[in-house]
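Please walk through this protein with attention to how its surface, its helices and its charged pairs fit together. The account below begins at the surface and then moves inward.

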Amino acid sequence: MQTLSHRQENVVLETPFGTEKQQARGLQRAFVALRHRNFRLFWFGQLISLIGTWMQSIGQAWLVLELTHNALLLGLVGALQFLPVLLFTLFGGVLADRWPKRTVLLFTQSSAMIEAMILWILVATGMVQIWHILVLAALLGMTNSLDMPTRQAFVVEMVGREDLPNAIALNSSLFNMARIIGPAIGGLIIATLGVAPLFLLNGMSFIAVLIGLVLIDMTKLHGQDKPLALQHQDVKQGTIKSLREGLVYVFQTPSVLLIIAFVGVISLFGINFNVVLPLFATGVLHAGAAGFGFISSAFGIGSLLSALWLAWNIKKPSVQQMLVGGTVFCVAEAAFAISHLYVLSLVLIAAVGFAQIAFTAVANTTLQTVSPDHLRGRVMSVYMMVFNGTTPVGNLFTGALAAPFGASISLLVGALLSLVAAVFGWIYRKPAEKSLAEATAFDEIGE
């Protein structure tokens with residue numbers, strides 16, 4: 001496999017703020033990562049697939065309610081999709097570092113497609129039962145525990161370190177565009193054709209991803225020489241030792257440890273407002289179902305604008321940027337929790353969405369910038385474990401507080417606990433900033 005050393009990358013692509021990027025003007029600055037053919041193939045395939053995923057998400061929730069009319073089972077389905085991420089993502093990171101990431105993604109995306117098609121067949125034939133949905137949700141969670149760290153770590157191989165911030169921001173915009181488009185299309189399809197076509201369309205949407213992955217030029221991937229040698233050594237030392245190696249790196253690298261701890265606490269306590277948003281719309285703001293829809297849309301719009309702004313505003317990632325974004329997130333969420341004015345709440349939840357994408361995208365970029373190529377899958381697996389894997393626990397925490405104390409108090413407590421994490425982040429940021437500076441300086445010099 002032909003690869004590029006760090007110095008060769010600089011010759012071809014210049015620096016992150018070099019000649020080619022300085023020539024980009026206006027909207028072109030927001031899309032510089034798409035100049036890489038491999039990333040274009042991956043990005044457009046993901047756009048189609050994520051729309052299908054969001055369509056299936058609302059279709060699955062609707063199907064569970066149709067079958068059971070039981071909110072507890074609805075929550076159980078969601079928990080089963082995230083629990084495997086908490087339990088197995090670390091092992092997924094080990095596999096992501098051992099095997100070519102494109103190969104792993106071909107397997108995970110094919111598995112997700114098969115799972116969607118099985119669900120469509122069960123629904124279309126009228127054979128579906130709730131246990132089918134529970135089993136398929138758990139299988140999808142297992143698939144995601146391998147797919148998530150691999151997909152995250154694959155981005156830098158497609159675009160190189162120079163365009164990594166822009167690529168991650170574009171992926172965030174992709175996710176939020178799909179979150180706006182997918183449910184809207186899905187709702188129309190449910191109203192006109194029923195729920196079954198959603199699962200068929202989601203299964204078919206994976207074809208775009210698979211075609212894109214097959215067409216990726218493996219000779220144009222970045223940073224593969226050293227990882228290949230270390231992968232063979234990693235296989236010999238065993239899975240547990242490989243896992244330990246990744247965890248030791250995380251705990252011994254101040255910038256990585258601070259980022260993961262910071263994001264982990266906020267994910268656990270702060271990014272669970274979706275659990276109580278329906279209660280806010282009805283019990284606090286008295287806006288009804290239509291109001292709930294506008295609140296959800298406002299959050300999505302804020303998130304999308306943040307992702308596009310990050311893609312356009314190309315900067316080197318920093319710990320301070322992440323802490324600023326996280327602090328704004330906590331303050332905006334606390335203000336939303338105590339607001340009783342509907343229009344103000346729309347503005348505040350949009351600010352929450354904007355800040356969430358701002359600090360998580362910077363965190364993601366910084367981790368991938370600092371992490372050595374041969375450990376990136378394991379580092380990103382720890383990140384995805386604390387970011388997505390804690391969802392069931394966080395949802396339970398928020399829901400348990402909301403039951404006796406109400407939605408406002410529940411969300412306010414979560415925001416304040418997250419703010420405590422932000423305060424500690426500011427206090428201990430100096431060693432992390434020094435660690436990041438050393439890592440990026442070493443990377444610029446090359447090995």
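A patch, as the word is used here, is made of residues with over 30% relative accessible area and no salt bridge, nonpolar side chains being joined within 5 Å. The model is a predicted one, and in it a nonpolar surface patch of about 680 Å² is formed by Ile-180, Ile-181, Ile-185, Ile-301, Leu-305, Trp-309, Trp-312 and Phe-354. Helix H7 and helix H13, the latter covering 288-312, each contribute at least two residues to this patch, and H13 gives the most, with four residues. Ile-181 may serve as an example from the patch: this residue lies in helix H7, and because its relative accessible area is 35%, Ile-181 falls in the partly exposed class, which runs between 20% and 50%.

Helix H7 itself deserves a closer look. With 30 residues, H7 reaches 41 Å from its first C-alpha to its last, which is close to the 44 Å expected at 1.5 Å a residue. After H7 comes Gly-194, a residue whose phi is positive, near 95°.

Helix H15, which comprises residues 342-370, can be examined in the same manner. Its 29 residues should span 42 Å at 1.5 Å a residue, and the C-alpha atoms at its ends are indeed 42 Å apart, so expectation and model agree. Of those 29 residues, 21 are buried, and H15 is therefore largely enclosed by the rest of the structure.

Two residues of H15 illustrate this enclosure in detail. Val-352 lies in H15 and has a relative accessible area of 1%, so Val-352 is buried. If residues up to four places away in sequence are not counted, Val-352 touches Phe-273, Phe-299, Phe-329, Ala-332 and Glu-333. In addition, the C-alpha atom of Val-352 is separated by 7.9 Å from that of Cys-330, although the two residues are 22 residues apart along the chain. Thr-365 also has its place in helix H15, and at 4% relative accessibility Thr-365 likewise counts as buried. Once neighbours within four places in sequence are left aside, the contacts of Thr-365 are with Leu-164, Pro-165, Ile-168 and Pro-317.

A buried residue in another helix offers a polar example. Ser-205 belongs to helix H8, which spans residues 196-215, and its relative accessible area of 6% places Ser-205 among the buried residues. The side chain of Ser-205 reaches the backbone oxygen of Asn-202 at 2.6 Å. Beyond its neighbours within four places in sequence, Ser-205 is in contact with Ile-48, Ser-49 and Gly-52.

We turn now to the charged side chains. Side chains of opposite charge can pair when their charged atoms come close. The structure holds nine salt bridges, and one of them is formed by the side chains of Arg-378 and Asp-97, with a distance of 2.7 Å from N to O. This pair links distant parts of the chain, since Arg-378 is in helix H16 (residues 376-389) and Asp-97 in helix H4 (residues 71-98), 281 residues apart. Are the two partners buried or exposed? Arg-378 has a relative accessible area of 4% and is buried, while Asp-97, at 3% relative accessibility, also counts as buried.

Arg-378 takes part in a further salt bridge, in which its side chain meets that of Glu-245 at 3.1 Å, again from N to O. Here too distant parts of the chain are linked, with Glu-245 in helix H10 (residues 239-252) and Arg-378 in helix H16, 133 residues apart. Glu-245 is partly exposed, because its relative accessible area is 31%. Through salt bridges that share partners, Asp-97, Glu-245 and Arg-378 are joined into one network.

Another salt bridge pairs Arg-161 with Asp-373, the closest N and O atoms being 3.3 Å apart. Arg-161 lies in the loop between helix H6 (130-159) and helix H7 (164-193), and Asp-373 in the loop between H15 and H16, so the pair ties together parts that are 212 residues apart in sequence. Arg-161 is buried, since its relative accessible area is 15%, a value under the 20% cut-off for that class.

How values were computed:
Residues are numbered from 1 along each chain as its sequence is written. This is a predicted model: local features need pLDDT of at least 70, side-chain atom pairs count only at pLDDT 80 or more; totals for chains, interfaces and linings use all residues. Side-chain values use heavy atoms; hydrogens and water are left out. Buried means under 20% relative accessible area, exposed over 50%, partly exposed in between (1.4 Å probe, protein chains only). Contact means heavy atoms within 4.5 Å. The expected span of a helix is 1.5 Å times one less than its number of residues. A salt bridge is a side-chain nitrogen of Lys or Arg within 4 Å of a carboxyl oxygen of Asp or Glu. Patches are made of residues with over 30% relative accessible area and no salt bridge: like charges are joined within 9 Å, nonpolar side chains (Val, Leu, Ile, Met, Phe, Trp, Tyr) within 5 Å. Accessible areas come from the Shrake-Rupley method with a 1.4 Å probe; for residues, only the protein chains shown count as cover. A polar contact is a pair of N or O atoms within 3.5 Å; within protein, one must be able to donate a hydrogen and the other to accept it, and residues adjacent in sequence count only if both atoms are side-chain atoms.
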